[in-house]
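Let's take a walk through this one together. Have the sequence and the 3D view side by side, and follow along as we go.

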Amino acid sequence: MSQSDYIVIRAEEDGVHVIGLTRGTDTKFHHSEKLDSGEIMIAQFTEHTSAMKIRGKAEIHTAYGVVNSEAKK
Ligand code: TRP
């Protein structure tokens, strides 16, 4: 499988979770990474990962632009 673009996630609060969801017929969490404020994660969609869920306040840089997730109120 050809590799996809990287996405960059920059946490804007402590305890942001980046959750990888599996590719294939069932969609399950397979990995969870916790970031504290200012930490970044650089990741790709792969053979194993078809979706990501970001929980917490973060800035997400993708090939489509920059989006911000919000902290839960
Ligand atoms: N081993 C995982 C995979 O290749 C690692 C991974 C890639 C990942 N992208 C991710 C984990 C995004 C969490 C979020 O699928």
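When we talk about strands here, we mean DSSP runs of E that are at least two residues long, numbered from the N terminus. Keep in mind, too, that you're looking at a predicted model. With that settled, find K34: this residue sits in strand β3.

K34 is a handy place to start. Leaving aside residues up to four places away in sequence, K34 touches G15, V16, H17 and E39. You can also trace a line from K34 to D14: the two are 20 residues apart along the chain, yet their C-alpha atoms are 8.4 Å apart in space.

Now step back from K34 to the sheet that β3 belongs to. Three strands make up this open sheet, in the order β3-β2-β5, and their pairing is antiparallel. On the edges you'll find β3 (29-35) and β5 (49-55), each with a partner on one side only. If you compare neighbouring strands in this sheet, they are turned against each other by 20 degrees on average, ignoring direction.

Let's look at one of those pairings up close. Strand β2, residues 16-22, runs antiparallel to β5, and 6 bridges link the pair. For a landmark, look for I19, which stands opposite K53 in β5.

Next up is the ligand. Around it you'll see G20, H30, H31, Q44, T46, H48, T49 and M52. Sorted by class, that shell holds 7 polar residues and 1 nonpolar one, with no charged residues.

Which atoms of Q44, H48 and T49 lie within polar contact distance of the ligand? For Q44, a backbone N or O atom lies 2.5 Å from a ligand nitrogen. The other two use their side chains: a polar side-chain atom of H48 lies 3.5 Å from a ligand oxygen, and one from T49 lies 2.4 Å from an oxygen atom of the ligand. Taken on its own, the ligand has 370 Å² of accessible area, and the protein covers 75% of that. As for the elements that supply two or more residues to the shell, they are β3 and β5, which are the edge strands we met earlier.

One last stop, further along the chain. Strand β6 (residues 58-62) pairs with strand β7 (residues 65-69), again in the antiparallel sense, over 5 bridges. A hairpin of 2 residues carries the chain from β6 to β7. To line the two strands up in your viewer, use A58, which stands opposite S69 in β7.

Notes
Residues are numbered from 1 along each chain as its sequence is written. This is a predicted model: local features need pLDDT of at least 70, side-chain atom pairs count only at pLDDT 80 or more; totals for chains, interfaces and linings use all residues. Side-chain values use heavy atoms; hydrogens and water are left out. Two strands pair if DSSP finds at least two bridges between them. Helices (H or I, at least four residues) and strands (E, at least two) are DSSP runs, numbered from the N terminus. Axes are lines fitted to C-alpha atoms, for helices over the stretch in contact, and angles run from 0 to 180 degrees between N-to-C directions. A residue is near a molecule or strand if one of its heavy atoms lies within 4 Å of it. A polar contact is a pair of N or O atoms within 3.5 Å; within protein, one must be able to donate a hydrogen and the other to accept it, and residues adjacent in sequence count only if both atoms are side-chain atoms. Accessible areas come from the Shrake-Rupley method with a 1.4 Å probe; for residues, only the protein chains shown count as cover. Ala, Val, Leu, Ile, Met, Phe, Trp, Tyr, Cys and Pro count as nonpolar, Asp, Glu, Lys and Arg as charged, and the others, Gly among them, as polar. Contact means heavy atoms within 4.5 Å.
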